[in-house]
Amino acid sequence: MRLSFDRTQLRELAIVAAPAALIVAGAFWLTAQFMRPAPPASFKITTGGETGAYYAFAERYKEIVERSGIAVEVEASKGSVENLARLKDPASGFSAGFIQGGIVEPADGEAIISLGRMFYEPVWIFHVVPGGLAGLQELKGLRLAIGPERSGTRPLALKLLAANGIGEHQALLREESGRKALEALIAGEVDAAFFVSAPEAPLIQEMLANANLQLLDNPQAEAYTRRLPFLARLTLPKGAIDLVREEPPSDLELVATTAALVVRRDTHPALADLLTQAALEVHGRAGLFNRAGEFPQASDPELPLSEDARRIYGAGAPFLQRYLPFWLANFAERAFIMLVPILTILLPMFQVAPWLYEMRVRARILYWYGQLTKAEKVLGEIGAATGLEDRKSVV
């Protein structure tokens, strides 16, 4: 009897538990379809020349991000134009990079998004012309280093020169950039060279400290910002480079773009979070042209802003990342969505399943009670038909 009872009990449990288990498993499967995968173990960031600010900043990003256990590969490039091309190519393997303001097109927003504007990039025009130059218009007829084709410096230099009626027929335009442009200046091979870089770049610092190089003043800086809206006007105050020697000897007007940190649209959100947090740490301090907290800027006039970056700027690091290691916090955040089927289905199922089991057991008891009642009735009818009053004797 006990074996029969156990089998019956197991059958009843299976009838109730099997559908419940299928429902819960289906809920987990459906929820898992919306659960984002784990972040990659490494990613690549495209910068600029190794003597430029992009490369220097990327090395600092690498140090910060790798604290979280994600490896970062920093790779130099010829500049913003090449960075943009790399990021638009999904086969390149690059996830992030720096882009100079003024070079992107609206269609580029389909492939990349911005994590914000990070720092000013003044247009530095150093020259070795005796007696100095009064403005960009005096660059006509000179030998000018404006960078190679895939750099961000060249298209911006061409726009500034064109605004002054200077093209390839009014000046000798050469492709030197970075240290090669500096060496050409020192050797007298070019008269002036364009550099678009943050003042923190080692090469810019080296040139500012070189007494043999002159920095071109741009008294029409405000006018350029009206004609080229992606530009900003900056003032290099008297003595900002060296207070003792009063370098520069007077205020200098410059124009500048703002550099954006961008990522591919398919970049894992966790990487966007880490890069945005690194940007706050690297660029949040005061600089030669900005006050503390002015950068990074949670906006971009040319590209869509990442929602992950917007959240970091507004609320700071995710709650769990403030108290847990990155890998554990990320796992917990990803796994949290799996609590949905537990809270919405599994817990109510624990209440419903026992009730269903009890109802089935009660139904079976009532069924067999009805069968016994019918048997008693039949036995009573048989007894009456045979004249036996004692029904037990029939049994």
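Leaving aside neighbours within four places in sequence, which residues is S92 in contact with? The legends below begin with that residue; the model is predicted.

**Figure 1. Surroundings of S92 in the loop between α3 and β3.** Outside the four places on either side of S92 in sequence, its contacts are K44 and R86. Two backbone oxygens lie close to polar side-chain atoms of S92: that of R86 at 2.6 Å and that of D89 at 2.8 Å. R86 thus appears both among the contacts of S92 and as one of the residues whose backbone oxygen faces a polar atom of its side chain. S92 counts as buried because its relative accessible area, 18%, is under the 20% cut-off.

**Figure 2. Helix α3 and the elements that cover it.** Helix α3 spans residues 80–88, and its buried residues are S80, E82, N83, L84, R86 and L87. Residues three or four places apart in an α-helix point the same way, because each turn takes 3.6 residues. Several strands are included in the cover over the buried residues of α3, namely β1 (42–46), β2 (71–75), β3 (94–100), β4 (112–127) and β10 (252–264). Helix α2 (53–65) is also included in this cover.

**Figure 3. K62 in helix α2.** With neighbours within four places in sequence left out, K62 is in contact with V72 and V74. The C-alpha atom of K62 is 7.6 Å from that of E73, a residue 11 positions away along the chain. K62 is classed as partly exposed because its relative accessible area is 24%, between the cut-offs of 20% and 50%.

**Figure 4. The largest pocket and its lining.** The space in the largest pocket amounts to about 530 Å³. Its lining is formed by 29 residues, of which G49, K78, T153, S177 and G178 are the closest to the centre. At least two lining residues come from each of α2, α5 (178–187), β7 (192–196) and α6 (202–208). Strand β7 provides the largest share of the lining, with 3 residues. Sorted by class, the lining of the largest pocket consists of 14 polar, 9 nonpolar and 6 charged residues.

**Figure 5. The second largest pocket and its lining.** The volume of the second largest pocket is about 330 Å³. Among the 20 residues of its lining, those closest to the centre are L213, Q214, L215, E247 and P249. Two or more lining residues are given by each of β4, α6 and β8 (214–215). The lining of the second largest pocket divides into 13 nonpolar, 4 polar and 3 charged residues.

**Figure 6. The whole protein, as context for the close-up views.** The secondary structure consists of 12 helices and 10 strands. Of the 395 residues in the protein, 42% are buried. Among contacts with a separation of 6 or more, 76% join residues 24 or more positions apart. The protein has an accessible surface of about 21,100 Å², and carbon and sulfur atoms account for 59% of this area.

Key:
Residues numbered from 1 in each chain as written. Predicted model: local features only at pLDDT ≥ 70, side-chain atom pairs only at ≥ 80, totals over all residues. Heavy atoms only, no water. Buried < 20%, exposed > 50% of the residue type's maximum accessible area, 1.4 Å probe, protein only. Helix = DSSP H or I, 4+ residues; strand = E, 2+ residues; numbered from the N terminus. Contact = heavy atoms within 4.5 Å. 1 Å grid on protein atoms, 1.4 Å probe; cavity = no way out; pocket = protein on both sides within 12 Å on 5 of 7 lines; lining within 4 Å. Points joined across faces, edges and corners; volume = space filled by probe spheres on them. Nonpolar A, V, L, I, M, F, W, Y, C, P; charged D, E, K, R; others polar. Areas by Shrake-Rupley, 256 points an atom, 1.4 Å probe, with all protein chains shown as cover. Polar contact = N/O pair within 3.5 Å; in protein donor to acceptor, adjacent residues only side chain to side chain.
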